[in-house]
Amino acid sequence: MEEQLRCPSCLGPMASRAYPKNYGGEETLDVCWNCQGIWFDAREAVQLAPAGVVQLFQAIHENHEQARPLGSTLKCARCVEHLVYRQDITKGGHIVYYFCPAEHGRFTPFTQFMIEKGFIRTLSAVERIALAARMPTIRCSGCGAPIDLAHDTVCSFCQAPISVLDPGAVEQALAAYGAADKARTVQPHDVVAEAILAHERNSAAHYAAGNQGPPDPADLVASGVETIFRYLR
């Protein structure tokens, strides 16, 4: 039986789950739901089929409330080496991840993985300014830290770009999965608009309950996943 890997951030046991991949078969991902990250061994390439992408969306949706910020020091899931922060450019945009200097693999936050696969896009400057007028602070989808939209263009903690789920890319996956009719009901502006509305509803409920401090900041990616599954239901 293969050794159960430990999360590079919280050091808790990672969950192994198999997902359908392109051209048949399954790909097993080692995931920490608490830290919202995936461990990839060296030279491990994940080619999730549309059904696998939808299943991963579902799993992220089911577990997003467990999310917490990454630790300040991350360790390799297979050795004691400290992971090194790295930025890269992929077909989906700029991503950040943490790699083992001994080349055992890398730890990639969910959001960065979804950017890499083209399911998340970075907010434009115009979108960020417009969003800041309604929602001054959001939660980084990469590490969970707060982002001040009025002053920050990236997360000040992990340097991840401010991102949102891209309904166009999701629609393609859902269409290939056989949910095309439902996928077409999700319009490109819905994800951000729904995030704003959800934030305002949560804020109203927060203060109506007598709470004095500010409500928790919204996570645009988590809100986007929630929007997709509300339409699918």
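What is the volume of the largest cavity in this structure? That volume is about 70 Å³. Before I turn to the lining, I should state that we are looking at a predicted model, and the values I quote are computed from it.

Let me begin with the overall picture. The chain has 233 residues, and 47% of them are buried. It contains 7 helices and 10 strands. Taking the contacts in the chain with a separation of 6 or more, 60% are between residues at least 24 positions apart.

I return now to the cavity. At a threshold of 30 Å³ or more, the structure holds 1 cavity. Its lining comprises 14 residues, and those nearest the centre are Cys140, Ser141, Pro161, Ile162 and Ser163. Three elements each supply at least two lining residues: helix H2, residues 110-116; strand E8, residues 137-139; and helix H7, residues 220-232. As to chemical character, the lining divides into 8 nonpolar residues, 5 polar residues and 1 charged residue.

Helix H2 leads us to a particular residue, glutamine 112, which is found in that helix. Is glutamine 112 buried or exposed? Glutamine 112 counts as buried because its relative accessibility is 1%, well inside the cut-off of under 20%. A polar atom of its side chain lies 2.9 Å from the backbone nitrogen of valine 96. Leaving aside residues up to four places away in sequence, glutamine 112 touches His94, Ile95, Val96, Ala160 and Pro161. Pro161 is also one of the residues nearest the centre of the largest cavity.

The next element is helix H1. It runs over residues 50-63, which makes 14 residues, and it reaches 20 Å from first C-alpha to last, close to the 20 Å expected at 1.5 Å a residue. How many of the residues of H1 are buried? The count is 10 of 14, so the helix is mostly covered, given that buried means under 20% relative accessible area. Among these buried residues are Val53, Val54, Leu56, Phe57 and Ile60, together with His61 and Asn63. As a point of general geometry, an α-helix has 3.6 residues a turn, so residues three or four places apart point the same way.

Following H1, we come to the loop between that helix and strand E4, residues 84-90, where histidine 82 lies. Histidine 82 is partly exposed because its relative accessible area is 44%. Its C-alpha is 8.6 Å from that of phenylalanine 99, a residue 17 positions away in sequence. Phe99 is also among the residues that histidine 82 touches, along with Thr73, Leu74, Lys75 and Pro101, again not counting residues up to four places away.

I turn now to the segment before strand E1, residues 15-20, which contains arginine 6. Which residue, 71 residues apart from arginine 6 along the chain, has its C-alpha 5.4 Å away? That residue is alanine 77. Beyond four places in sequence, arginine 6 touches Ala77 as well as Leu11, Gly12, Pro13 and Met14. With a relative accessible area of 47%, arginine 6 is therefore classed as partly exposed. Its side chain reaches the backbone oxygen of leucine 11 at 3.3 Å.

Leucine 11 deserves a remark of its own. It is found in the segment before E1, and it has a positive phi of about 70 degrees although it is not a glycine. At 48% relative accessibility, leucine 11 counts as partly exposed.

A positive phi also occurs at glutamine 36, again a residue other than glycine, with a value near 55 degrees. Where does glutamine 36 lie? It is in the loop between strand E2, residues 26-32, and strand E3, residues 37-41. Glutamine 36 counts as buried because its relative accessibility is 10%.

My last residue is aspartate 148, placed in strand E9, residues 146-148. Its relative accessibility is 29%, so it counts as partly exposed. A polar atom of the aspartate 148 side chain lies 3.1 Å from the backbone nitrogen of alanine 150. In C-alpha terms, aspartate 148 is 6.2 Å from proline 136, and the two are 12 residues apart in sequence.

To close, I would return to the opening point: the largest cavity has a volume of about 70 Å³, and its lining has 14 residues.

Technical notes:
Residues numbered from 1 in each chain as written. Predicted model: local features only at pLDDT ≥ 70, side-chain atom pairs only at ≥ 80, totals over all residues. Heavy atoms only, no water. Helix = DSSP H or I, 4+ residues; strand = E, 2+ residues; numbered from the N terminus. Expected span 1.5 Å × (residues − 1). Buried < 20%, exposed > 50% of the residue type's maximum accessible area, 1.4 Å probe, protein only. 1 Å grid on protein atoms, 1.4 Å probe; cavity = no way out; pocket = protein on both sides within 12 Å on 5 of 7 lines; lining within 4 Å. Points joined across faces, edges and corners; volume = space filled by probe spheres on them. Nonpolar A, V, L, I, M, F, W, Y, C, P; charged D, E, K, R; others polar. Polar contact = N/O pair within 3.5 Å; in protein donor to acceptor, adjacent residues only side chain to side chain. Contact = heavy atoms within 4.5 Å.
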